[in-house]
Amino acid sequence: MTDVLFVEDDRSLATLLAETAHIVGCKAIIAHDGEEALALLRWLDPPPRLVMADVRMRPMDGIAFIRALRAEPRWQGITIVSTSGQASDAEAALAAGANVYYPNPFSIETLVALLTGSQPR
């Protein structure tokens with residue numbers, strides 16, 4: 001069972017996120033854009049409990065990905081965390097269906113708290 005899907009086009013960052021998840025005991029997979037993420041989600045049963053998606057990716061950006069994810073009834077229980085270095089993306093991500101928006105860069109403590117369900121310090 002996969003706990004978290006990271007949707008991030010920066011391959012180095014995606015690897016760091018997944019390695020952090022593994023360290024805290026979560027099984028993670030990576031997609032590098034929204035289309036790849038949707039293909040993975042269609043294959044995963046059960047789906048991950050958490051998706052962390054960058055907003056600014058190509059060819060399918062994070063906003064379009066979040067909308068597509070929210071349009072699928074079987075994925076309604078997934079918590080979506082959206083990330084971006086542009087504060088102006090927050091409103092669009094939340095309107096598309098993200099549960100939470102984190103501005104980039106966010107701390108490793110924030111990521112660990114998200115993955116473990118604890119509160120960041």
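Me: Which residues is D89 in contact with, leaving aside its neighbours within four places in sequence?

Reply: In this predicted model, D89 is in contact with V55, R56, S84 and Y101 once those neighbours are set aside. D89 itself lies in helix α4, which spans residues 89-96.

Me: Why does D89 count as buried or exposed?

Reply: The relative accessibility of D89 is 10%. Buried means under 20%, so D89 counts as buried.

Me: What makes I66 count as buried or exposed, and which residues does I66 touch?

Reply: I66 lies in helix α3. Its relative accessibility is 0%, and the cut-off for buried is under 20%; I66 therefore counts as buried. Not counting residues up to four places away in sequence, I66 touches I80, S82, A93, A96, G97 and A98.

Me: How far apart are I66 and I108 in sequence and in space?

Reply: I66 and I108 are separated by 42 residues in sequence and by 23 Å in space, C-alpha to C-alpha.

Me: Why are α3 and α4 called roughly parallel to each other?

Reply: Helix α3, residues 62-71, packs against α4 at an angle of about 15 degrees, and their axes are 8 Å apart. Angles under 35 degrees count as roughly parallel, and the two helices are therefore placed in that class. Their crossing is right-handed. On the α3 side the contact is made by I63, I66, R67 and R70, and on the α4 side by A92, A93 and A96. Sorted by class, this contact has five nonpolar, no polar and two charged residues.

Me: How do you know that α2 and α3 are roughly parallel to each other?

Reply: Helix α2, residues 34-43, and α3 pack at an angle of about 20 degrees, with 9 Å between their axes. The limit for roughly parallel is under 35 degrees, and α2 and α3 are therefore roughly parallel to each other. The crossing in which α2 passes α3 is right-handed. Here G34, A37, L38 and L41 of α2 meet F65, A68 and L69 of α3. By class, the residues of this contact divide into six nonpolar, one polar and no charged.

Me: What makes α1 oblique to α5?

Reply: Helix α1, residues 11-23, and helix α5, residues 108-116, pack at an angle of about 50 degrees, and their axes are 10 Å apart. Roughly parallel requires under 35 degrees and roughly perpendicular 65 to 115; the angle fits neither range, which makes α1 oblique to α5. In passing α5, α1 forms a right-handed crossing. The residues that meet are L17, T20 and A21 in α1 and I108, L111, V112 and L115 in α5. This contact of α1 with α5 has six nonpolar, one polar and no charged residues.

Me: How many helices and strands does the chain have, and why is the chain said to be as compact as a globular protein of that length?

Reply: The chain has five helices and five strands, running β-α-β-α-β-α-β-α-β-α from the N terminus on. Its radius of gyration is 13 Å, close to the 14 Å given by the globule rule for 121 residues, so the chain is as compact as a globular protein of that length. The C-alpha atoms fill a box of roughly 35 × 35 × 25 Å along the principal axes.

Me: What share of the residues of the chain count as buried?

Reply: Of the 121 residues, 47% count as buried. Among contacts with a separation of 6 or more, 62% are accounted for by residues 24 or more positions apart.

Definitions and conventions: Residues are numbered from 1 along each chain as its sequence is written. This is a predicted model: local features need pLDDT of at least 70, side-chain atom pairs count only at pLDDT 80 or more; totals for chains, interfaces and linings use all residues. Side-chain values use heavy atoms; hydrogens and water are left out. Helices (H or I, at least four residues) and strands (E, at least two) are DSSP runs, numbered from the N terminus. Buried means under 20% relative accessible area, exposed over 50%, partly exposed in between (1.4 Å probe, protein chains only). Contact means heavy atoms within 4.5 Å. Axes are lines fitted to C-alpha atoms, for helices over the stretch in contact, and angles run from 0 to 180 degrees between N-to-C directions. Angles under 35 degrees count as roughly parallel, over 145 as roughly antiparallel, 65 to 115 as roughly perpendicular and the rest as oblique. A crossing is left-handed if the near helix is turned anticlockwise from the far one by less than a right angle, and right-handed if clockwise. Ala, Val, Leu, Ile, Met, Phe, Trp, Tyr, Cys and Pro count as nonpolar, Asp, Glu, Lys and Arg as charged, and the others, Gly among them, as polar. The radius of gyration is taken over C-alpha atoms; the globule rule is 2.2 Å times the number of residues to the power 0.38.
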